[in-house]
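Open the model in your viewer and keep the sequence panel visible. The stops below are given in the order in which to select them.

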Amino acid sequence: MEHGVSAANYKDLVLFLATAGIVAPIFKRLKINPILGYLLAGVILGPFGLGRFIHAAPWLDYVTVDNPAEIAQLAEFGVVFLLFMIGLELSWERLRLMRRLVFGLGAAQVIGCSLVLAGGAILLGQPPAAALAIGAALTLSSTAIAVPVLAERRRLHSDAGRATFSVLLFQDLAVAPILITLAIVGRGHGEFQASDLLSLAPAALGLAVIVLVGRVALRPMLKSVAKAKSEEMFMAACLLVIIGAGLVSQMSGLSMALGAFVAGILLAETEYRHEVEVKIEPFKGLLLSLFFVSLGIRLDLSLLVAKPAVILGTVVGLLLVKAAVVFGIGLLMGLGRKAATEAALILAAGGEFAFVLLDNAMGAQVVSPAIGQAVLVSATLTMFLIPGLAALGQRLGRKGAPAPVSEAPAAAGPDRLGPEPTGQVLVIGYGRVGKLVGDMLGRHDLPWIAVDRDARLVERARRDGRRVYYGDAARVELLERCGLATARAVVVTMDAPEAAEAVVAAARGARPDLAIVARARDARHAARLYELGATDAVPETIEASLQLSEAVLVDIGVPMGLVIASIHERRDEYRKKLNRPDALGGKRRRLRDASLR
């Protein structure tokens with residue numbers, strides 16, 4: 001039986017998977033951002049790389065991409081998923097707390113750099129509309145490269161890191177208005193007309209539909225899927241939300257990425273936020289890597305040979321102009337000199353959205369293809385320099401002391417919980433036991449976050465204003481989304497032994513220094529939890545018998561002090577018996593006790 005699909009049809013897919021499976025691990029081992037590897041691989045595999053030599057060496061056809069347009073079409077979903085994830089990380093409360101940096105420093109950077117770069121383009125002979133499009137595209141920096149670089153260098157919570165993140169946040173918010181402006185300019189052939197404002201009506205209607213449907217139907221839909229307790233159904237629902245919102249946005253004349261971004265914001269305040277993040281992260285990572293490969297494929301480095309002065313001049317000019325503007329604005333906004341210098345260097349390069357904006361501008365005939373391609377080559381070359389610029393900025397700002405992020409108290413209510421706290425206690429399981437643990441932590445003014453897989457429990461807790469999320473805490477990715485890196489302790493209150501063991505193992509593997517207290521069914525289960533790394537395990541049967549003993553001793557007249565002392569002594573005997581010295585939990589407990597002395 002013959003099939004209609006040949007092996008050649010899968011060549012481009014195999015090349016990409018080989019790139020993702022080989023290039024990324026190599027670059028990570030070399031401590032180089034894998035995105036740079038994807039860009040470089042795209043350049044090599046594309047028609048402007050090895051593809052140029054196929055006529056001389058036909059065998060190169062096996063290792064070059066045949067259909068860049070098809071890859072680019074699929075790669076656009078990388079931007080869609082990226083903006084969705086950015087939307088998930090936002091909330092109105094978070095924007096309010098960061099409003100000075102986001103809407104002050106961020107807005108000033110976008111406006112200032114856009115005007116200066118556009119002015120430079122006009123001086124070089126570009127018409128005003130094209131100059132504004134080029135200036136806006138080059139103003140945006142690379143969120144996909146800068147944020148991971150800052151995280152790897154542990155600079156996200158420094159003054160420079162917070163300022164950089166705030167600017168990138170505003171840039172992400174500014175993409176949609178810029179795209180709308182480019183669409184209007186394109187319809188007016190480079191000039192604004194009053195009638196062009198009517199073109200905003202379908203766009204406004206599409207956004208209104210996304211917001212309205214999202215407010216009314218999003219949470220009930222995810223709640224219904226969560227009750228089914230099916231991983232596949234939940235993943236399908238997440239993909240439906242992203243792609244559905246993107247298609248509605250596209251049919252309204254906007255970009256799919258904008259619709260996905262709005263959907264992400266709508267989901268950000270729900271109890272399903274972290275579970276959605278975990279489900280979508282692999283798709284985002286794979287599609288975003290394909291996006292960067294497609295950028296490299298389209299990068300014609302022959303322009304660097306044909307016009308070296310223009311390309312290199314644009315690279316140097318872009319870095320100098322953006323760095324100078326950000327540095328000046330940073331000083332005016334109260335950043336220290338070192339923090340302003342570090343932020344300026346990280347934000348000086350171009351970003352991935354330059355491709356999106358310039359593609360739209362060239363498609364709308366606002367920017368000529370020749371100029372647009374030259375600008376894209378220059379912007380991409382600056383993206384290769386971001387890790388080096390970050391290292392230089394860190395060296396110059398090394399003496400700058402990091403400052404904690406200020407946070408205001410969160411308002412009550414399930415949708416106004418504010419940003420995630422740091423130094424919190426993670427309560428895994430929010431049934432009767434978990435709820436009591438949360439109440440006791442609250443009485444001592446200790447921040448806490450709870451996770452549960454029962455959608456009904458989560459919904460009730462959210463109505464009471466509790467910070468409870470839906471998800472499977474046995475996956476370390478979800479624990480990390482809930483702040484495992486900064487958590488003071490994890491309390492496992494689940495009554496299912498296997499589930500409790502999976503959570504303890506995941507948490508201990510990610511945080512060797514973490515205090516983990518787990519609920520155990522009996523003595524055997526407690527011993528197993530200690531082996532997996534629990535610092536303390538509380539067997540229900542033993543604890544119940546100790547409480548009964550305490551009650552009867554007090555009732556028959558034994559002094560309370562003697563009763564409490566004997567109960568504590570007996571509890572310690574059980575703990576020493578169950579938590580053997582060779583168990584992982586025993587080792588961690590000894591290390592903790594030694595550090596407290």
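Start by selecting helix α14, residues 308-332, and helix α17, residues 369-383. This is a predicted model, and the first stop is a pair of helices. Two packed helices are described by the angle between their axes and the distance between those axes. Here the axes of α14 and α17 come within 9 Å and cross at roughly 55°. That angle makes α14 oblique to α17, because it falls neither under 35 degrees, as roughly parallel would require, nor within the 65 to 115 range of roughly perpendicular. Turn the view so that one helix lies in front of the other: α14 passes α17 in a right-handed crossing.

Next, select glycine 206, which is found in helix α9. Is glycine 206 buried or exposed? Its relative accessible area is 4%, and under 20% counts as buried, so glycine 206 is buried. Now add methionine 251 to the selection and draw a distance between the two C-alpha atoms. The residues are 45 apart along the chain, yet their C-alpha atoms are separated by 7.8 Å.

Stay with α9, which covers 200-228, and move on to the loop between it and α10 (231-251). Lysine 229 lies in this loop. Most residues other than glycine have a negative phi. Lysine 229, although not a glycine, has a positive phi of about 55°. With a relative accessible area of 55%, this lysine is exposed, since the cut-off is over 50%.

A second residue of this kind is found further along the chain. Select the loop between α19 (432-443) and β2 (448-452), and pick out aspartate 445. What is the phi of aspartate 445? It is near 55°, a positive value in a residue other than glycine. Aspartate 445 counts as exposed, at 69% relative accessibility.

For the last stop, switch to a surface view and select Tyr10, Leu13, Val14, Leu17 and Leu286. Together these residues form a nonpolar patch on the surface, with about 470 Å² of accessible area. Which element gives the largest share of the patch? Helix α1, residues 11-29, does, with three residues. Tyrosine 10 is found in the segment before α1. At 46% relative accessibility, tyrosine 10 counts as partly exposed, because that value lies between the 20% and 50% cut-offs.

Methods:
Residues numbered from 1 in each chain as written. Predicted model: local features only at pLDDT ≥ 70, side-chain atom pairs only at ≥ 80, totals over all residues. Heavy atoms only, no water. Patch = residues over 30% accessible without salt bridge, like charges linked within 9 Å, V, L, I, M, F, W, Y side chains within 5 Å. Areas by Shrake-Rupley, 256 points an atom, 1.4 Å probe, with all protein chains shown as cover. Salt bridge = Lys/Arg side-chain N within 4 Å of Asp/Glu carboxyl O. Helix = DSSP H or I, 4+ residues; strand = E, 2+ residues; numbered from the N terminus. Buried < 20%, exposed > 50% of the residue type's maximum accessible area, 1.4 Å probe, protein only. Axes fitted to C-alpha atoms, helices over the stretch in contact; angles between N-to-C directions. Parallel < 35°, antiparallel > 145°, perpendicular 65-115°, else oblique. Left-handed = near helix turned anticlockwise from the far one by under 90°.
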